[in-house]
Amino acid sequence: MKVVLASKNKHKLVEISQITEKFGMELILQADLGVDIDVEETGSTFEENSLLKAEAVMKATGLPALADDSGIAVDALGGAPGIYSARYGFDDSLDDWGRLLLLLKNTENIPDCQRQAKFVCVISFVTPEGEIIQARGEIHGELTREPRGENGFGYDPIFYYPPLGKTTAELTAEEKNEVSHRANALKVFYEKLKEAGYADK
């Protein structure tokens, strides 16, 4: 099944494709179809924003679309940056690295025992026929005080995952595809796809 990924992020395409190809889903970027739309994320939850993106790209392409809305939530910051992770600081001059450094700066006075955080991912799948499937996944860990690791993207270098003793930027692709928030969401998504008859049981 050919599905459009409602994203311009090639890192996400690679990461998600490594999992979805296992259940026969061929993902393509919207740009590969000549579609270039930026969906305004006006929702107040990961679920709402994920669905907004998937529906917009499905309508623009006429094909089933899959969207991922994800972010990091720090307990001591009341769950921030949360849905604003990709816009943290609301400063257009900041790139991923700049936002990572800003989060470290804003948490520098938080003691080690209170640096719990989680990554959240919500997957939304919509079809031209009106089918909607959503799945949520999380991974729980804590913030480091400095970046570690060369893999991954976004906030991965400062998110420490205790069970493996590494940041998510230190995980191999195979390890990350087993434990990440995105992997956990996609596992739930696959089960829901099977229930809806879109994947082999």
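These legends describe several close-up views of a predicted model.

**View 1. Strand β1 pairs with strand β2.** The strands in this view are β1, residues 2-5, and β2, residues 26-29. They run parallel. Four bridges join them. Look for Leu5 in β1: its bridge partner in β2 is Leu29.

**View 2. Strand β1 also pairs with strand β3.** Strand β3 covers residues 65-74. Its pairing with β1 is parallel and has two bridges. Leu5 appears again here, with Leu66 as its bridge partner in β3.

**View 3. A helix joins β1 and β2 in a β-α-β unit.** Helix α1 spans residues 10-20. Together, β1, α1 and β2 form this unit, and its hand is right-handed.

**View 4. Gly24 sits in the loop between α1 and β2.** Is Gly24 buried, partly exposed or exposed? Its relative accessible area is 48%, so Gly24 counts as partly exposed. Ala196 lies 172 residues from Gly24 along the chain. The C-alpha atoms of Gly24 and Ala196 are separated by 15 Å.

**View 5. The largest nonpolar core holds 20 residues.** Which residues have the most contacts inside this core? They are Met25 and Phe189. Several elements give two or more residues each: β1, α1, β2, β4 (116-126), β5 (132-143) and α5 (181-195). Helix α5 gives the most, with five residues. In soluble globular proteins, nonpolar side chains tend to be buried together.

**View 6. Met25 and its contacts.** This view centres on Met25 and leaves aside neighbours within four places in sequence. Met25 is in contact with Met1, Val3, Thr20 and Leu66, among others. Its contacts also include Phe125, Phe189 and Leu193.

**View 7. A second core is separate from the largest one.** This second core has 16 residues. Among them are Ile139, Tyr161, Leu171 and Val179.

**View 8. Gln30 is a buried loop residue.** Gln30 lies in the loop between β2 and helix α2, residues 46-61. Its relative accessible area is 3%, under the 20% cut-off, and therefore Gln30 is buried. What does Gln30 touch, not counting residues up to four places away in sequence? One group of its contacts is Val4, Leu5, Ala6, Ser7 and Lys8. The contacts of Gln30 also include Val35, Asp36, Ile37 and Val57. Leu5, one of these contacts, is the residue whose bridge partner in β2 is Leu29.

Conventions:
Residues numbered from 1 in each chain as written. Predicted model: local features only at pLDDT ≥ 70, side-chain atom pairs only at ≥ 80, totals over all residues. Heavy atoms only, no water. Pairing = 2+ DSSP bridges. Right-handed = clockwise from strand over helix to strand, strands pointing away. Core = buried A, V, L, I, M, F, W, Y, C linked by side-chain atoms within 4.5 Å. Buried < 20%, exposed > 50% of the residue type's maximum accessible area, 1.4 Å probe, protein only. Contact = heavy atoms within 4.5 Å.
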